[in-house]
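Welcome, and please open the model in your viewer. We will go from one selection to the next, with a short look at what is there each time.

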Amino acid sequence: MFRPEPDGRMHFAMYERNAKPVIDGLSPFLADIKGNALEIGSGTGQHVIAFAATFPVLHWTPSDPDPVHRTSIDAWRSFENAPTAPALALDAASDWAEMPEVRAISPLSLIISMNVIHISPPSVMRGILNGAAKALAAGGLLVFYGPFKENGKHTGEGNANFDAGLRVQDVDWGLRDTVDIQSIGESLGLVWRDMVVMPSNNRLLVLAKP
Ligand SMILES: C[S@@+](CC[C@H](N)C(=O)[O-])C[C@H]1O[C@@H](n2cnc3c(N)ncnc32)[C@H](O)[C@@H]1O
């Protein structure tokens, strides 16, 4: 999946395909938002570098629990001289909103997590929602990007096959349902703002803290 450069920068094959549609999809929601933004599960770090360049009004903090990924994120930051913070070692299944490094940048205006909650157990989805309910500012947004089920159904055959393959790798992995995300979010006081249909049967889900 990743090809590391000598300085640790990794390239995610899907980055080039996803970057522009995600930025275009996010733009209307970020028009009036400033303050601190946290990315959960930043992976290579390529997206957060692009976000910081496109949405410079926000102060971006990337994170990932994987030290190899954090090396890549920080290597991209140096390579591009990007105005992002160093990557946090953040496990989204933990009570991460209480981490001193997160408390220092809270309340957050934006939390974004892309392609993470299907490649991790359900505790990660719940942890992101739980932490967002604590760490977001009033009016702050929680954004998920990736493939999802809707009302218990896959949105296409490709996603169904992808889901089956994930579950073979790990029984706790798999596409999450937008209905569950909405209902858990609402139980924590978050409101469902929007769902944007993206290329390749992906979705951008937007929840907000009232
Ligand atoms: C498929 S990659 C997506 C990377 C990036 N967001 C993107 O879209 O290019 C999934 C990422 O989720 C991270 N991840 C896995 N478990 C996690 C957890 N418990 N908390 C936060 N991130 C996690 C992985 O380390 C990996 O970087």
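What is the relative accessible area of lysine 134, and does that make this residue buried, partly exposed or exposed? Select lysine 134 and show its side chain: its relative accessible area is 42%, and it is partly exposed, because the partly exposed class runs from 20% to 50%. Do keep in mind along the way that this is a predicted model.

**Stop 1: the partners of lysine 134**

Keep lysine 134 on screen and add aspartate 95. The two form a salt bridge, with their closest N and O atoms 2.7 Å apart. This pair links distant parts of the chain: lysine 134 sits in helix α5 (residues 122–135), aspartate 95 in the loop between α3 (67–80) and α4 (100–103), and 39 residues separate them. Aspartate 95 also counts as partly exposed, at 42% relative accessibility.

Now add glutamate 98. Its side chain meets that of lysine 134 in a salt bridge, at 3.8 Å from N to O. Glutamate 98 belongs to the loop between α3 and α4 while lysine 134 lies in helix α5, so this pair ties together parts that are 36 residues apart in sequence. With a relative accessible area of 37%, glutamate 98 is partly exposed.

Finally, bring in Arg103. Together, Asp95, Glu98, Arg103 and Lys134 are linked in a network of salt bridges.

**Stop 2: arginine 9 and aspartate 7**

Next, select arginine 9 and aspartate 7. Here is another salt bridge, its closest N and O atoms 2.8 Å apart. Which of its two residues is buried, and which is partly exposed? Arginine 9 counts as buried, at 10% relative accessibility, whereas aspartate 7 counts as partly exposed, at 38%. If you would like to look for others, the count of salt bridges comes to seven.

**Stop 3: helix α6**

Move on to residues 157–169, which make up helix α6. Its 13 residues reach 19 Å from the first C-alpha to the last, close to the 18 Å expected at 1.5 Å a residue.

Colour Asn159, Asp163 and Leu166, the buried residues of α6. Then turn the view to look down the axis of the helix: these buried residues fall within an arc of 65°, so they line one face of α6. Where are the exposed residues of the helix? Pick a second colour for Glu157, Gly158, Asn161 and Val168, which are exposed on the other side of α6.

Terms used:
Residues numbered from 1 in each chain as written. Predicted model: local features only at pLDDT ≥ 70, side-chain atom pairs only at ≥ 80, totals over all residues. Heavy atoms only, no water. Helix = DSSP H or I, 4+ residues; strand = E, 2+ residues; numbered from the N terminus. Expected span 1.5 Å × (residues − 1). Buried < 20%, exposed > 50% of the residue type's maximum accessible area, 1.4 Å probe, protein only. Arc of directions from axis to C-beta. Salt bridge = Lys/Arg side-chain N within 4 Å of Asp/Glu carboxyl O.
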